[in-house]
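Student: Could you take me closely through a single part of this structure, the nonpolar core and what packs into it, in one connected account?

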Amino acid sequence: MTELAGKRALVTGGSRGIGAAIASLLAEKGADVAISYENSAERAAGVVAQIEKAGRKGLAFQADSADPAALKRLVAETAEGLGGIDILVNNAGIARYGPVADLDLADVDALLDVNVRGAVLVSQAVIPHLGAGGRIILIGSSLADRMVAPNVTMYSITKSAQIALTRGLARELGPRDITVNLVNPGATDTEMNPADSDHADMLREMSALGRYGTAEDIAAAVAFLASPAAKQITGTSLTVDGGLNS
Ligand code: NAP
């Protein structure tokens with residue numbers, strides 16, 4: 001599997017969950033991969049080991065997506081360490097739950113800072129590095145796109161923002177032959193949304209396939225959008241949710 005041979009990718013939030021699966025799969029497909037993380041240094045090192053096991057260069061950087069200066073540093077160090085950047089996967093994200101009426105200002109700010117401003121600022125810093133054939137892939141949510149539920153309204157707002165970011169960037173970068181797309185996961189078994197949580201059975205029942213997705217399911221969609229085969233796809237979203245939205 002070498003369709004990403006010679007490509008250099010940055011995956012934000014790559015220390016565990018969906019981001020770790022994306023980083024490993026991009027490496028299996030031939031890309032050198034840098035990941036960012038907030039706290040999980042040891043797990044990030046484990047993902048780098050996986051990337052290296054695939055025969056690719058792997059780098060991990062501590063960079064809080066809520067910190068604009070850290071994001072600038074992350075992109076500069078990635079470009080220097082990998083010799084450039086061809087693919088950005090804007091994956092780092094947090095969830096905070098509760099009805100809008102009860103939300104703390106700190107939770108509202110954290111969601112906006114990490115999920116929205118972080119995605120904008122990483123994209124802004126990466127754009128000058130991308131050449132023709134470059135890729136930006138964002139991670140939204142089936143919840144925001146198709147089915148906003150009680151207690152996840154604020155999180156869903158931050159994920160709806162990824163739709164506008166995807167479409168706007170697709171227009172801005174299309175003339176440079178750079179594609180920008182969104183992947184919308186449904187219920188996906190990670191620490192953010194474990195398949196054995198209180199609401200997991202409800203999510204299973206609501207989906208057409210009756211099961212949770214895996215981080216690898218999401219990684220497969222990202223790898224496709226990153227590949228040369230997806231060169232004519234931009235400004236759109238690929239929903240990977242077992243038919244939650246069907
Ligand atoms: P996860 O298991 O909680 O992993 C989150 C990843 O993001 C970790 O690598 C974490 O780093 C990193 N991260 C969190 N806050 C960060 C920050 N401030 N700065 C830098 N990195 C940060 O979550 P996941 O389920 O894999 O989710 C990945 C993406 O998919 C998110 O954007 C999420 O909203 C989206 N999503 C998930 C689901 C689902 O059902 N799981 C559904 C729809 C969308 P540390 O390890 O250092 O904390």
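Tutor: Leu-26 is a good place to begin: leaving aside residues up to four places away in sequence, Leu-26 touches Leu-4, Ala-9, Val-11, Ala-31, Val-33, Val-89, Ala-223 and Ala-226, where contact means heavy atoms within 4.5 Å. The model is a predicted one, in which local features need pLDDT of at least 70 and side-chain atom pairs count only at pLDDT 80 or more, while totals for chains, interfaces and linings use all residues. Residues are numbered from 1 along each chain as its sequence is written, and side-chain values use heavy atoms, with hydrogens and water left out.

Leu-26 belongs to the largest nonpolar core, which has 32 residues, and Leu-26, Val-11, Ile-22, Val-33, Val-89 and Val-183 are the members that touch the most others. Such a core is a set of buried Ala, Val, Leu, Ile, Met, Phe, Trp, Tyr and Cys residues joined through side-chain atoms within 4.5 Å, buried meaning under 20% relative accessible area (1.4 Å probe, protein chains only). Two or more residues come from each of β1 (8-11), α1, β2 (32-37), α2 (41-53), β4, β5 and α8, these elements being DSSP runs numbered from the N terminus (helices H or I, at least four residues; strands E, at least two). Another core, of 28 residues, lies apart from it and includes Phe-61 and Leu-173.

Helix α8, residues 215-226, has among its buried residues Ala-223 and Ala-226, and the buried residues of α8 pack against α1 (17-28), β4 (87-90), β5 (135-139), β6 (179-185) and β7 (237-240).

Definitions and conventions
Buried < 20%, exposed > 50% of the residue type's maximum accessible area, 1.4 Å probe, protein only.
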